[in-house]
Every structure is written in C-alpha cells, then in structure tokens.
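Dear colleague,

I am passing the structure below on to you, since you have not worked with it before. Please look through it first, and then read the notes that follow.

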Amino acid sequence: MTLLALGLTLVLLAGAAARLLERRAGMADLAFRWGMLTGCLTGIAGAVQALGSPEAAAPTAGPGVWFGLDPLSAWFTVMFLGVGSTIAVYGTHYMARERPRRQVGSAHLLLAVLMIGLTGVVTARTIVAFLAAWEVMAISAWLLVIFDREHAEVRRAGLVYLVLTHTATIALFGMFAAWSGAIGGGTFADLATAALDDRTPVALVSTLGLIGFGIKAGVVPGHIWLPGAHAAAPSHISALLSGVMLKVGIYGLLRMVMLLGPPPVWWGWLVLLLGLGSAVLGVLWALAQHDLKRLLAYHSVENIGIILLGLGVGALGSAYNQPVVALLGVTGALLHSLNHSLFKSLLFFGAGAVQRVAGTREIDRLGGLARRMPRTAGAFLIASIAIVGLPPLNGFLSEWVIFRGLLEAGGTAGTLRLASVAAAGLVLAGALALACFSKLHGVVFLGVPRGTPEPARGADHGLVAPQLTLAAACIAIGVLPVLVLPTATRIAAGVLHEPDTAGVMSAVAGSATAISLATLVLLALGLMVWGLRAASRAREIVRSGTTWGCAFPSTTGRAQHTASSYAASLLSVFGPFSGSRQVMGPAGLAVHVADPVLDRLAQPTWDRVRETAFRLRRIQTGRIVWYLTYVIAALLGLLLYLWWGAAS
Amino acid sequence: MSDFPYYSVLALLAVLIVAPALPGIANRTKSALTGRRGAPVLQLYRDLARLWRKGVVYSQTTTAIFRLGPIVLLAATLLAAALLPLDGRRALLSFPGDLVAFAGLLGLGRFGMALAAMDTGSSFEGMGASREVTVASFAEPALFLCFIVLVLATGRLDLTGMYGLPLHDAWPVAAPSLVLAAGSLFIVTLAETCRVPVDDPLTHLELTMIHEVMVLDHSGPDLALILYAGAVKMALFAALVAGVLLPRASQPPGVAIAALLLGLVVVAVAIGVVESVTSRLRMNRVPQLLIAASALAGFALILLLR
C-alpha cells in the first residue's frame with residue numbers, strides 16, 4: 001500500500017511537471033514519460049504484493065480505513081497501471097505534435113489525475129472515498145474527452161458523456177444511500193458484515209448498482225455515451241477510456257457481488273441477458289461503422305457484453321449453489337477484463353498511428369497502409385486475432401474460460417442448464433467479430449490506397465514501442481495461461497467467498513498446460529507446413545504480376561471492395577437491428593449508420609421532452625402579478641387538500 | 001508408453017490420406033446421378049501433385065500475409081483434426097472445452113484466408129472474403145448449438161467424451177435429439193465445405209462464387225495447400241456427422257477406424273446426392289438455410305431440456 005501511494009504521488013508529480021514545464025517542451029516530455037513510467041511501475045510493485053495475500057483485518061483508524069488493497073483491488077490496479085504506463089509513453093509522443101496549438105501539459109496533468117482517480121475507485125474502502133474518487137475520474141475523463149472542443153461533434157459527445165456519467169453517479173448515490181441507510185455504517189467492512197443478516201435491501205441495491213455500474217461499463221442500452229466519447233478523445237485517451245475506464249464498472253459489479261453475498265437468481269439471469277444483448281448488438285453495430293475509432297468503440301460494447309456473460313453465469317452459479325460454474329464465470333470475467341484492456345488499448349494505439357500517418361479515420365478512404373507502417377500493421381493484426389477470440393492469443397483464453405463456465409452450467413440439473421444456450425450467442429458474436437476485423441484490417445492495411453494518394457504526413461515513429469509491448473503481453477498470456485489463470489481463479493474464489501477451490505484450481509491448471517501444448521503444436525505444424533512449402537519446386541519459379549482481375553485488370557484503388565460493401569450482405573440479414581441503412585446510388589453503395597438507442601430512442605424522447613418544456617414556458621410571463629396569482633392558487637389548492645383530508 | 005494412442009495416430013493418418021478422395025466421391029456421385037461420366041474419384045490427388053510441381057505468381061500488391069494465409073489455414077486445420085477422437089476412443093489432444101478450440105482453429109484458418117484475399121486488392125476476392133465470413137457467421141452458431149446438444153446429452157465438455165462412450169450411452173435416452181443434431185450438422189457441413197446449396201465448387205462465373213473466388217489469386221503449391229486443407233476440413237465435418245450417427249467407442253479399434261472411413265464415404269455420397277437433387281440457393285437465402293439449421297439444433301436442445 002505504501003509503494004502504491006508512492007507510485008501515485010510520482011504519477012501526480014509527473015503530470016504537474018508536464019504542466020509547469022509547458023514552455024520547455026523537451027524537458028516536459030522527458031519528465032512526464034519517465035515520471036509516469038516509474039510511478040506506474042512502483043505502484044504495480046506495490047499492488048502485486050497484495051495480489052496473492054488476503055487482506056489483513058481492516059484497521060480502525062488512519063488512511064487504511066479509506067483506501068486498501070485486497071486481491072480484487074490489486075488485480076484491477078495492476079491492470080490500470082500497467083496499461084496506463086504504455087498509454088503515458090504513447091501519449092507523450094502522440095501529443096508532442098499538438099504542442100504549438102494546444103496546452104498539451106494540461107492534457108498530461110489531466111491524464112495523471114484520471115489515473116489516480118481510477119486507482120482510487122478500485123482501492124476505496126469507504127463509501128465516501130469511493131464516490132469522491134468516482135467523481136474525480138468522471139470529471140477528468142470529461143475534460144479529456146472535450147480536448148478538441150472546437151468541433152461541434154466533440155462538444156456533443158462530451159455533453160452526452162457528462163449526462164450519462166452523472167446518471168450513473170446518481171444511481172450509485174441511491175444505491176449507497178439505501179445500503180448504508182439500512183445497515184448504518186459507511187465502510188465496506190460494515191457493508192460486508194451486514195450481508196450476514198437480512199437488513200440489506202438486496203433487490204434495490206443490486207438493481208441500482210447494475211444501472212450505475214452498467215452505464216459506466218457501457219452495457220446496452222447504457223452504452224450511448226461510449227462511441228461518441230471514444231471517437232472524440234485523442235487516441236491515447238480513447239485507449240484509456242476503452243481499455244481501462246470501462247473496467248471500473250466491472251470492478252464495481254464484482255465488488256458489489258462480493259459485499260452482498262450470493263446475488264438473487266433473477267439478477268444473474270438479467271446480467272446474463274444484458275451481456276448477451278451487448279455482445280451481439282455491439283459487434284453488429286460495429287460492423288456498420290465507417291469511422292475507425294467508432295468501430296473500435298462499439299467493439300468495447302461487445303467485449304463488455306462478453307465480460308458480463310461471464311459475470312452473469314458466475315452469479316447464477318453462485319445463486320444456484322454450483323461453485324464450479326460460479327468460479328469459472330467470474331474467473332472468465334476477470335481475465336477478459338484484463339485481456340480486453342490489453343488488446344483494445346493496442347487497437348486504439350494503432351488507430352492513432354493510422355490517423356497520424358494517413359490523416360483520416362474514414363475506413364473507406366484508407367488502404368495499403370501495411371507498406372507504410374509495417375510494424376503498426378503487425379501489432380494491429382495481433383490485436384485483431386486476440387479480440388476475435390481466436391487461438392492461440394489471450395482473447396481465446398478468456399473466452400474459453402467463459403465458454404467452459406456456460407457449458408458446465410449445461411451439465412448441471414435444473415433451470416441453470418438453460419444458461420448453456422448463451423454459448424451459441426457468444427459464438428455468434430465471435431463469428432461477427434471475425435467478419436468485422438477481417439474487414440477492418442483488410443481494408444485499412446492491405447490492398448492499395450483508395451482514392452487520391454495522401455500527402456506524406458509523417459510516420460509512426462515513437463508510437464511503435466508501446467504497441468509492441470502490449471502485443472507481447474497478448475501473446476504471452478495466450479501462450480502461457482499459467483501466468484494469469486491461477487491468480488484469477490483465486491481472486492474469483494475471494495469474490496464468491498468460496499473456500500474450497502482445490503478441485504477447480506487443478507482442473508484449470510491442467511487445461512492451461514493443455515492449451516500451452518496445443519499452441520506449441522500449432523506453431524510446430526505451421527513451421528512444418530512452411531518447411532514443406534519452402535521445399536517445393538515453386539521457390540525457383542516465382543513470378544510477380546498484377547492481381548488477377550478476371551480479364552479486366554483494375555486500374556484504380558477505388559475499384560477495391562470497400563468496408564461498406566464488405567459488411568453489406570451480413571448487415572442486410574439483420575434488418576433494422578443492424579443500426580444501418582443501405583442505399584444503392586447510381587455509382588455506389590452508401591451505408592448510413594445511426595445508433596439505434598441514441599439516435600432513434602434517446603434523442604427523439606429528449607426532443608419531445610424539450611418541446612413540451614418549451615410549450616410550458618408560456619406560463620413564465622415575467623410579470624409579478626402572474627407569479628403572485630400562481631402562489632395564491634397553490635396556497636388555495638393546499639388549503640382545499642387539507643380541508644378535504646380533514647373532512648373525510 | 002503403454003497407453004500411447006497408437007490407434008488415434010493411425011486413424012488421423014488414415015483420415016489425412018483418404019481426405020482428398022472425398023470431394024471426388026461427392027462429384028462422382030453427382031455426375032452418376034445426372035447421367036454424366038465425370039472426373040475420376042482420385043482427381044484431386046493428381047491436381048495436388050501437379051500444383052505442387054508448378055511455379056507461383058504473386059501480385060505486386062500482396063504482402064507476407066498473402067503467403068502466410070494458406071500455411072495458417074492448413075496448420076490450424078491439422079491441429080483441429082488432432083482434437084477429434086477419430087478412432088472413437090480418444091483424441092491426440094484433449095481437454096475440457098476443446099470444442100471451443102476446434103471452432104476457434106477453423107476460425108483462425110478462415111481469418112487468415114480472408115486477409116490473404118483482401119491483400120490482393122481485388123474486388124472479386126474482397127467479395128469472396130465478405131461472402132465467406134457472412135456464411136460462417138451463421139454456420140458457426142449452428143455448429144455450436146449441435147455441440148451444446150452433445151454436451152447436454154453426454155454430460156461431457158471434451159470432444160473425446162462427447163463422441164466417446166458417453167455418447168454411446170446417451171443414444172437410448174436421447175435418440176430424437178441426436179438425430180436432429182446430426183441433421184443440423186449435415187447442413188453445417190454443406191456450408192463449411194462450400195457445396196450446393198450454399199456454394200457451388202463447379203461454377204464458372206466469378207461473380208457467383210464464394211470460396212473459389214476468395215482464392216482466385218493463389219497458385220501453385222499455395223493453392224495445393226488450400227485445396228488439401230479444404231479436403232481435410234470436409235473429412236472433419238463428415239466425421240462429426242458420422243460420429244453422432246455411428247458411435248464407435250464400443251467397437252474394437254480396427255473396426256472403429258473402418259467404420260469411420262465408411263462413414264466418411266457415406267457422408268460424401270450424401271453430399272453428392274444433395275447436389276444432384278437441389279439447386280443452389282440465392283445468396284441472400286443462404287443465411288435463412290443456416291438459421292433453419294440452428295433452429296433444428298434448438299429443437300434438439302428443447303427435447304433434451306424438457
């Protein structure tokens with residue numbers, strides 16, 4: 001805990017240095033990069049200690065009452081600070097070019113504050129500390145989202161984010177008020193001990209918590225703030241929002257389950273259904289997007305859905321008293337949170353580099369970038385394989401754990417068996433993700449450039465090292481599951497208060513070895529096929545030519561398949577659910593996208609409310625005599641009410 | 001080393017050797033039923049041998065991904081083959097939840113090929129890749145629903161158990177579900193192996209192709225790898241169908257392997273019969289067929305859950 005505090009102090013100092021040294025760009029960058037790196041690594045060193053050990057008895061005084069580290073907090077702290085350190089390095093390079101136009105130092109300071117807020121949320125031990133850190137996080141994130149505030153759409157995205165994040169905050173205030181009001185205590189330790197008796201209003205607390213944390217995590221339909229905010233923010237901030245900040249919602253749900261004890265059955269089913277909906281709808285809406293960063297943002301909705309599937313089946317297992325199902329579900333949720341933070345940050349780094357080099361995020365105007373930025377293209381490919389959940393990378397590992405939880409549920413007796421059907425939905429989401437990322441990587445990095453050649457805008461220098469670091473982490477976890485799987489299972493056992501984990505632990509460890517072995521075999525098979533291929537006579541007779549164009553060789557890159565046409569046949573199957581409309585023009589296909597919840601439901605509803613409010617404005621005449629009339633009318637009304645009450 | 005799975009290795013080798021004959025059998029059935037002579041059953045072996053000796057042409061547009069695609073496809077397909085208990089007893093590699101890895105490996109191969117197609121910058125191949133992933137998006141849930149039926153029927157989470165003795169024991173109690181699942185698996189097989197009514201391997205117009213147009217630019221040994229991987233994939237799916245209808249775990253190993261090979265031939269003939277009696281579906285009808293397959297598996301599930 002001391003090391004963590006020291007690390008966060010360093011992070012704050014680094015941010016402050018970046019702001020104060022604004023005039024001396026080189027020194028500011030140097031101070032910020034190394035300060036953030038050392039700070040984050042120091043903090044990780046502190047948190048790793050707590051990863052293995054159960055929390056000591058809560059102290060009754062001192063700072064330990066407000067903040068503390070147990071394995072669950074430590075898991076998220078390590079994740080946040082680890083990804084955060086790469087984000088800081090990337091951000092330093094990414095923002096350096098903005099310097100003449102903008103106060104880059106402020107952005108760096110806000111980033112440091114946001115990191116502290118995030119860590120504060122996951123280490124808070126009292127309700128007040130939790131809510132305070134929550135607001136620090138929400139407000140600093142808002143200021144970063146509107147960093148480019150001269151664009152109208154950025155301001156709109158910021159407004160939507162602000163409204164939604166405070167809706168979440170209100171729900172959390174309600175939750176904690178109901179909870180601590182019922183049991184009379186303000187620390188998490190109080191809440192945990194109260195779980196033993198029946199005073200906690202479980203239904204109210206778990207509903208409000210699901211609303212508050214669900215909006216923060218971006219669960220459909222609370223996701224509407226997410227695509228706009230992620231697209232509007234600078235790319236390294238998008239990585240932080242998507243890779244890290246969404247996980248705060250997941251942490252909140254896990255902490256709530258931990259403090260409440262086994263959740264009600266209906267809550268588990270609700271979470272499972274919300275997860276299923278988010279997973280399938282998120283990827284479907286992603287498929288239709290034209291903007292690189294909006295597409296990635298919708299994929300966050302999908303991945304949060306997958307995490308929620310794990311959490312839901314975990315909660316169900318706990319409610320139906322099936323410890324194996326419960327442990328696998330929660331372990332999968334924890335692992336997928338970690339993995340998503342790695343590969344999604346990596347994808348946003350790639351998107352930022354693409355924007356730097358090509359000058360646009362419009363997918364249908366890109367193409368052939370693998371030649372100009374091969375290392376970014378390679379890292380993006382690794383992240384794509386990971387996010388689709390294909391073996392042998394980390395995305396497969398966590399989805400496999402969740403699948404196994406769902407299938408184990410199918411092996412039990414009673415209603416819980418129904419949960420196994422959700423596995424088919426998860427497969428659908430995975431298959432659609434494959435379609436989406438083969439489209440994205442293929443259109444952006446492969447082929448030839450579309451449209452007029454862009455002027456050379458610079459390269460991805462300095463943006464590559466953080467990408468390679470995250471790619472290496474994705475590979476390491478995928479190839480060696482034993483690095484994370486036992487720890488995650490132990491933490492899941494803590495969340496569920498499951499004392500007997502030996503059976504699951506040994507089963508999981510055996511499978512981890514099998515997965516590592518399978519990865520090795522896959523590598524060996526690949527090398528074998530490659531060797532055979534190299535031994536064929538063909539290597540002597542290689543010719544180079546133009547792409548076969550079926551007797552009509554194409555002369556322009558614009559004749560390539562576009563992202564819109566790639567997704568069109570798939571989207572048309574889903575009709576109105578696809579969040580897009582296809583229009584066949586005389587010379588091409590246009591796909592119009594709109595978020596089904598924000599643009600078709602929330603915005604029209606809000607417009608109606610505003611119209612009604614404007615109509616009511618007629619009673620605001622601005623003349624005293626009318627206001628006095630209203631006061632007297634209200635008075636008379638109250639008197640009548642009293643009289644009527646007394647009479648009856 | 002007394003428990004070394006000799007028979008699993010033997011079965012795997014047998015399947016890998018026999019695989020290229022299966023498309024030939026299907027095509028021969030079709031030509032026989034439509035009154036033509038048709039190509040020899042062993043034609044694909046000759047094609048593979050000829051392609052292996054040929055040179056290759058690479059488009060200037062392509063990167064390393066184009067060359068890696070076929071290698072990834074074949075390696076992933078071979079590993080998927082090692083996950084199936086082909087001798088009816090055990091797979092070479094087995095762990096709980098390996099069915100997810102099986103589906104994932106086939107997905108990895110598809111991902112590699114779709115990217116290789118996009119790498120050429122050809123609109124034809126982009127179209128092929130787009131169609132391939134569209135079909136797969138509906139075939140995979142159906143496949144998985146069939147797997148869930150087997151999981152619920154046998155109570156096992158590994159392919160070795162799902163297709164082993166527990167399946168044998170499940171037949172008397174869950175026969176209707178298993179028959180429905182086998183039907184659904186057969187439709188998925190048609191889709192995954194690019195046969196009529198989903199795709200027509202013998203079509204001659206690029207605009208109407210799915211799988212063939214995706215590999216338009218591959219030539220020589222690269223194309224041989226792709227064709228061989230396709231044949232192995234057909235054998236794997238035929239083994240999935242045959243394995244449900246014909247549980248072999250209680251037979252002696254030699255008989256089990258012979259029964260497997262017989263099953264592969266029967267499924268290939270069945271594919272040929274379907275190709276002769278139906279015409280190809282319009283492209284936008286294909287998802288409906290596969291959703292119907294999912295519904296079939298869904299009914300099987302309901303029968304099990306009741």
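Does Lys344(A) count as buried or exposed? Lys344(A) counts as buried, because it has 28 C-beta neighbours inside 10 Å (a residue is buried if 20 or more other C-beta atoms lie within 10 Å of its own, exposed if 12 or fewer, and partly exposed in between, with C-beta atoms placed from the backbone).

Before going further, please bear in mind that this is a predicted model, in which local features need pLDDT of at least 70 and side-chain atom pairs count only at pLDDT 80 or more, while totals for chains, interfaces and linings use all residues. Residues are numbered from 1 along each chain as its sequence is written, and chains are lettered from A and ligands numbered from 1 in the order in which they are written.

Lys344(A) lies in helix H13 of chain A, residues 323–358 (helices, H or I of at least four residues, and strands, E of at least two, are DSSP runs numbered from the N terminus). Leaving aside residues up to four places away in sequence, Lys344(A) touches Ser242(A), Gly243(A), Leu296(A), Ser300(A) and Asn303(A), where contact requires C-beta atoms, placed from the backbone, within 7 Å.

Also in chain A, helix H5 (residues 127–145) packs against helix H10 (residues 235–260) at an angle of about 160 degrees, with the axes 12 Å apart; axes are lines fitted to C-alpha atoms, for helices over the stretch in contact, and angles run from 0 to 180 degrees between N-to-C directions. That makes H5(A) roughly antiparallel to H10(A) (angles over 145 degrees count as such, under 35 as roughly parallel, 65 to 115 as roughly perpendicular and the rest as oblique). Met137(A), Ala141(A) and Leu144(A) of H5(A) make the contact with Ile237(A), Leu241(A), Met245(A) and Val248(A) of H10(A), and these residues divide into seven nonpolar, no polar and no charged (Ala, Val, Leu, Ile, Met, Phe, Trp, Tyr, Cys and Pro count as nonpolar, Asp, Glu, Lys and Arg as charged, and the others, Gly among them, as polar).

In chain B, helix H5 (residues 98–119) and helix H6 (residues 123–154) pack at about 175 degrees with their axes 9 Å apart, and are therefore roughly antiparallel to each other.

Finally, the contact between the chains takes 68 residues from chain A and 69 residues from chain B. On the side of chain A that touches chain B, the largest share, 13 residues, comes from H19(A), and that side has 40 nonpolar, 22 polar and six charged residues.

With best wishes

Definitions and conventions. Contact = placed C-beta atoms within 7 Å.
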